[in-house]
Amino acid sequence: FFYDLGRQLGINTLIDYAGQFGLGEPAGIELPEALGHMASPAYSESLGENWNPGDVLQASIGQGKSLFTPLQLATYTATLANGGVRMKTHLVKSIKSYGLDETVQEIEPEIVVDMELSDTTVGAIRDGMIRASGQNGYNGTSGAYFGDYPLSVASKTGTPETTGFPNGTYICYAPADDPQIAVAVVIENGYHGYWGAAVAKAIFDEYFFGK
């Protein structure tokens, strides 16, 4: 499905959407950051390699030359939770005076991109991610962790390869119907994406229930 969808969209459209989600783009956080990159004819050319028609198929499933940072994956997940509205990413909430008695600067929320996704599109993505969590009667890839969880969870597993042995990636947000927190887990050489679900569940347990 995603091979054919990527083929129909073409690499330029995939690059455009990736950029709007912040994938391969600088987040502008308060520390130096890795940038990652989206697969593209220009990037392949910079490596002295040819871009082939099959490369767009690899890019459409997150393989090929695409490399994204955990922070970018978290921002991407939060943007999905926000219905296609990407907020500026920060590590700093506020800056206090030396004596901590005065707020010198308060970081205000800032919209970077509003993708103007339709409710139908947002709903289809959310429903698919809820199914991936093994909820609402579906046998999802992380159902062992979230199938009977007391909150609705929207998630997606991934197994990108960088060295020939799959890494484990896992993105999710909760509650799916009223999102409060987005999580991205990357386990290098983790083999299965769903191993990251255990990490995400521990974060949710602490965040929502103080466990």
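1. Helices, as the word is used in this note, are DSSP runs of H or I at least four residues long, and they are numbered from the N terminus. By that rule Arg131 and Asp127 both fall in helix H6, where they stand four residues apart, about one turn of the helix. The structure under review is a predicted model, and the remarks below should be read with that in mind.

2. The pair in H6 is joined by a salt bridge, in which the closest N and O atoms of Arg131 and Asp127 are 3.0 Å apart. Arg131 has a relative accessibility of 35% and therefore counts as partly exposed, and Asp127 is likewise partly exposed, with a relative accessible area of 32%. In general terms, side chains of opposite charge can pair when their charged atoms come close.

3. A search of the whole structure gives four salt bridges, and two others deserve a word here. In helix H1, the side chains of Asp4 and Arg7 meet at 2.7 Å, N to O, the two residues being three positions apart, or about one turn of the helix. Arg7 is exposed, with a relative accessible area of 52%, whereas Asp4, at 37%, counts as partly exposed.

4. Helix H8, which covers residues 195–209, holds both Asp205 and Lys201, four residues apart and so about one turn of the helix from each other. Their side chains form a salt bridge at 3.2 Å, N to O. Is Asp205 buried or exposed? Its relative accessibility is 13%, under the 20% limit, so Asp205 counts as buried, while Lys201 is partly exposed at 26%.

5. Turning to the interior, the largest nonpolar core has 19 residues, of which Ile11, Met38, Met129, Ala154 and Tyr173 touch the most other members. Two or more residues of this core come from each of helix H2 (11–21), helix H4 (53–60), helix H5 (70–81), helix H6 (119–132) and strand S6 (168–174). H2 supplies the largest share, four residues. Another core, of 13 residues, lies apart from this one and has Val153, Ile181, Ala197 and Ala200 among its members. As a general matter, nonpolar side chains tend to be buried together in soluble globular proteins.

6. Met38 merits inspection of its own. Once residues up to four places away in sequence are set aside, Met38 touches Ile11, Leu14, Ile15, Ala18, Gly24, Tyr43, Ala59, Ser66 and Phe68.

7. For H5, the length is consistent with its residue count, because 12 residues at 1.5 Å a residue should span 16 Å, and the end C-alpha atoms are 16 Å apart. The buried residues of H5 are Gln72, Leu73, Thr75, Thr77, Thr79 and Leu80, and they pack against H2, strand S1 (85–87), H6, S6 and strand S7 (181–187). Just beyond this helix, Gly83 takes a positive phi of about 75°.

8. In H4, the residues Val56, Ala59 and Ser60 are buried. They cover an arc of only 100° around the axis, which means that they sit on the same side of H4. What covers them includes helix H1 (2–9) and H2. H4 is followed by Gly62, whose phi is also positive, near 80°.

9. Where is Gln135 found? Gln135 lies in the loop between H6 and helix H7 (143–146), and with a relative accessible area of 5% Gln135 is buried. Its side chain reaches two backbone oxygens, that of Phe146 at 2.9 Å and that of Leu151 at 3.0 Å. Leaving aside neighbours within four places in sequence, Gln135 is in contact with Ile130, Phe146, Gly147, Tyr149, Leu151, Ser152 and Val153, and the last of these, Val153, also belongs to the core of 13 residues.

10. Finally, Val92 belongs to the loop between S1 and strand S2 (94–96) and is partly exposed, with a relative accessible area of 29%. Although Val92 and Glu30 are 62 residues apart along the chain, their C-alpha atoms are separated by 7.2 Å. Apart from residues up to four places away in sequence, Val92 touches Glu30 and Ile107.

How values were computed
Residues are numbered from 1 along each chain as its sequence is written. This is a predicted model: local features need pLDDT of at least 70, side-chain atom pairs count only at pLDDT 80 or more; totals for chains, interfaces and linings use all residues. Side-chain values use heavy atoms; hydrogens and water are left out. A nonpolar core is a set of buried Ala, Val, Leu, Ile, Met, Phe, Trp, Tyr and Cys residues joined through side-chain atoms within 4.5 Å. Buried means under 20% relative accessible area, exposed over 50%, partly exposed in between (1.4 Å probe, protein chains only). Contact means heavy atoms within 4.5 Å. The expected span of a helix is 1.5 Å times one less than its number of residues. The arc is that of the directions from the helix axis to the C-beta atoms. A polar contact is a pair of N or O atoms within 3.5 Å; within protein, one must be able to donate a hydrogen and the other to accept it, and residues adjacent in sequence count only if both atoms are side-chain atoms.
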